[in-house]
Amino acid sequence: VSSIGSMGIGFLVGLYTLVTKNPEGRFVLIGANSRVCDVLLLMRLDTVIPQAADVSSGLAVVRG
């Protein structure tokens with residue numbers, strides 16, 4: 001996506017919460033552009049939702 005609004009943030013947080021409720025659930029946001037990263041930073045979600053630049057590094061985060 002090129003940007004994200006309040007509904008997108010709500011969806012993302014809901015999805016993150018749903019996945020991580022499971023003890024084995026892992027969630028990584030992969031390939032977010034600078035606008036999306038700025039919104040996550042502004043809302044301090046960058047400290048909660050892990051991010052990775054690409055699938056390979058995302059898998060490394062999940063496995064790590």
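What percentage of the 64 residues of this protein count as buried? Hold that thought for a second, everyone, and keep in mind that we are looking at a predicted model. The answer is 20%.

Let's start with the overall layout. The protein has 3 helices and 2 strands, and if you walk from the N terminus, the elements come in the order α-β-α-β-α. Along the principal axes, the C-alpha atoms fill a box of roughly 30 × 25 × 20 Å. The radius of gyration is 12 Å, which agrees with a compact globule, because 64 residues packed that way would come out near 11 Å. As for contacts with a separation of 6 or more, 49% of them join residues 24 or more positions apart.

Now to the outside. About 4600 Å² is exposed, and carbon and sulfur atoms supply 60% of that area. On the surface you can find a nonpolar patch of about 330 Å², made by Phe11, Leu15 and Leu18. Take Leu15 from that trio: this leucine lies in helix α1, which covers residues 6-21. Why does Leu15 count as partly exposed? Its relative accessibility is 32%, and the partly exposed class runs between 20% and 50%.

Last stop, helix α2, residues 34-42. At its start, Asn33 offers a side-chain oxygen that comes to within 3.1 Å of the backbone nitrogen of Arg35. Then, just after α2, have a look at Arg44, where phi is positive, at about 60°.

That's my tour, folks. Thanks for listening!

Key: Residues are numbered from 1 along each chain as its sequence is written. This is a predicted model: local features need pLDDT of at least 70, side-chain atom pairs count only at pLDDT 80 or more; totals for chains, interfaces and linings use all residues. Side-chain values use heavy atoms; hydrogens and water are left out. Patches are made of residues with over 30% relative accessible area and no salt bridge: like charges are joined within 9 Å, nonpolar side chains (Val, Leu, Ile, Met, Phe, Trp, Tyr) within 5 Å. Accessible areas come from the Shrake-Rupley method with a 1.4 Å probe; for residues, only the protein chains shown count as cover. A salt bridge is a side-chain nitrogen of Lys or Arg within 4 Å of a carboxyl oxygen of Asp or Glu. Helices (H or I, at least four residues) and strands (E, at least two) are DSSP runs, numbered from the N terminus. Buried means under 20% relative accessible area, exposed over 50%, partly exposed in between (1.4 Å probe, protein chains only). A polar contact is a pair of N or O atoms within 3.5 Å; within protein, one must be able to donate a hydrogen and the other to accept it, and residues adjacent in sequence count only if both atoms are side-chain atoms. The radius of gyration is taken over C-alpha atoms; the globule rule is 2.2 Å times the number of residues to the power 0.38. Contact means heavy atoms within 4.5 Å.
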